[in-house]
Amino acid sequence: MRFRTSYEGPLGDHFAHRATDSPYNAHTDRPAVLALADDPTGLSVLDVGCGAGHYIAELRARGAAAVFGVEGSETLLGHARARIGDDPAVTLRRHDLEEPLAFLDTGSFDLVVMALVHHHVEARRQLLAEVHRVLRPGGVLLVSTTHPAADWTWHGGSYFDEGRVESSVGDGFTISYRRMTLQTFLNELLDAGFTLERVVEPQATEEARHVDERRYLKTRQTPFFLAVRMRKTR
């Protein structure tokens, strides 16, 4: 299975629009991950699975010196280019994340962001090894994913089932990703040479109440996402 091929065409357009102001993407996941980034001023950042460029735009606005975005969907990259414009400090590249990041130099980034992409990838250990390689010593990795408890709630069965599932994202669209337990998620990161610094189970911001109060309240009762801040220590 190739990385995020289902995000081409109408689904990619739907996702790009939804990520702009949805209670889940814009007002739950993104604020939590950006808070974990602390101050990115002057940093060289890699956005792995950059989607429609929302994180890139935010990171540049907050002072990141340069951002390199990697994305497997040409549709999403089109939206990212439109969002970012001709910013010379931003580089975008189409690449299948099931393959190594051979085009990136070792130790070339201060910060790597992987927002809601980890659970789509099958070659996760390879990808994490590559992220570890391109981070400088002491660099930071931010990862968000679907919360294991949410997957158990939504899809049922055994909590320990780590098969692929399909989930509705509205307007008749579905996406496929892999369930994983908390121990699998964290141990893969630890095994790759990262140290855990912070864990967040984000709830929607107050702004989400004005977008969709029902979904805002759902995030206040059910965990949707899990976000971690890791540091390269070996």
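A helix here is a DSSP run of H or I with at least four residues, and a strand is a run of E with at least two, numbered from the N terminus. With that in hand, let's look around this predicted model, starting with its open space.

**The largest pocket**

Which element gives the most to the lining of the largest pocket? That's α1, with 7 residues. The pocket has a volume of about 720 Å³, and β6 (164–170), β7 (173–178) and α9 (213–219) join α1 as the elements that give two or more residues to its lining. If you want to find the middle of the pocket in the structure, look for Arg-18, Tyr-24, Asn-25, Ser-168 and Val-169, the lining residues that lie nearest its centre.

**The largest cavity**

There are also closed spaces: the structure holds 2 cavities of 30 Å³ or more. How do you spot something like that? Rolling a probe the size of a water molecule over the atoms shows where empty space is left. In the largest cavity, the lining residues that lie nearest the centre are Phe-15, Gly-49, Cys-50, Tyr-55 and Ala-115. Three helices, α1 (9–21), α2 (25–36) and α3 (54–61), each supply at least two residues of this lining. The largest share comes from α2, with 3 residues.

Here are the two spaces set out together:

| Space | Volume | Lining | Lining by class |
|---|---|---|---|
| Largest pocket | about 720 Å³ | 30 residues | 13 nonpolar, 10 polar, 7 charged residues |
| Largest cavity | about 180 Å³ | 15 residues | 7 nonpolar, 4 polar, 4 charged residues |

**Helix α7 and what it packs against**

Now for a helix with plenty tucked away. In α7 (residues 182–191), the buried residues are Thr-184, Phe-185, Leu-186, Glu-188 and Leu-189. And what do the buried residues of α7 pack against? They pack against one helix, α5 (124–134), and the strands β5 (135–146), β8 (194–200) and β9 (225–232). After α7 comes Gly-193, which has a positive phi, near 105 degrees.

**Strand β9 and its partners**

Is β9 mostly covered or mostly open? Mostly covered: 7 of its 8 residues are buried. β9 pairs with two of the strands that α7 packs against. With β5, β9 runs antiparallel, and 7 bridges join them. You can pick out Val-140, which stands opposite Arg-231 in β9. β8 also pairs with β9 in the antiparallel sense, over 6 bridges. There, Val-200 has Ala-227 in β9 as its bridge partner.

**The nonpolar cores**

The largest nonpolar core has 27 residues, and those with the most contacts inside it are Leu-46, Met-114, Val-131 and Leu-141. Several elements, including β1 (44–48), β2 (66–71), β4 (109–115), α7 and β9, each supply at least two residues of this core. The one that gives the most is α5, with 4 residues.

Val-131 is a good residue to zoom in on. Leaving aside its neighbours within four places in sequence, Val-131 is in contact with Val-48, Val-112, Met-114, Leu-141 and Phe-194. There's a second, separate core too, with 21 residues, among them Ala-37, Val-45, Leu-111 and Val-140. That's the Val-140 you met above, opposite Arg-231 in β9.

Key. Residues are numbered from 1 along each chain as its sequence is written. This is a predicted model: local features need pLDDT of at least 70, side-chain atom pairs count only at pLDDT 80 or more; totals for chains, interfaces and linings use all residues. Side-chain values use heavy atoms; hydrogens and water are left out. Buried means under 20% relative accessible area, exposed over 50%, partly exposed in between (1.4 Å probe, protein chains only). Contact means heavy atoms within 4.5 Å. On a 1 Å grid over the protein atoms alone, a cavity is a set of points where a 1.4 Å probe fits but cannot get out, and a pocket is an open set with protein on both sides within 12 Å along at least five of seven lines; lining residues have an atom within 4 Å of a point. Grid points are joined across faces, edges and corners, and a volume is the space filled by probe spheres set on the points. Ala, Val, Leu, Ile, Met, Phe, Trp, Tyr, Cys and Pro count as nonpolar, Asp, Glu, Lys and Arg as charged, and the others, Gly among them, as polar. Two strands pair if DSSP finds at least two bridges between them. A nonpolar core is a set of buried Ala, Val, Leu, Ile, Met, Phe, Trp, Tyr and Cys residues joined through side-chain atoms within 4.5 Å.
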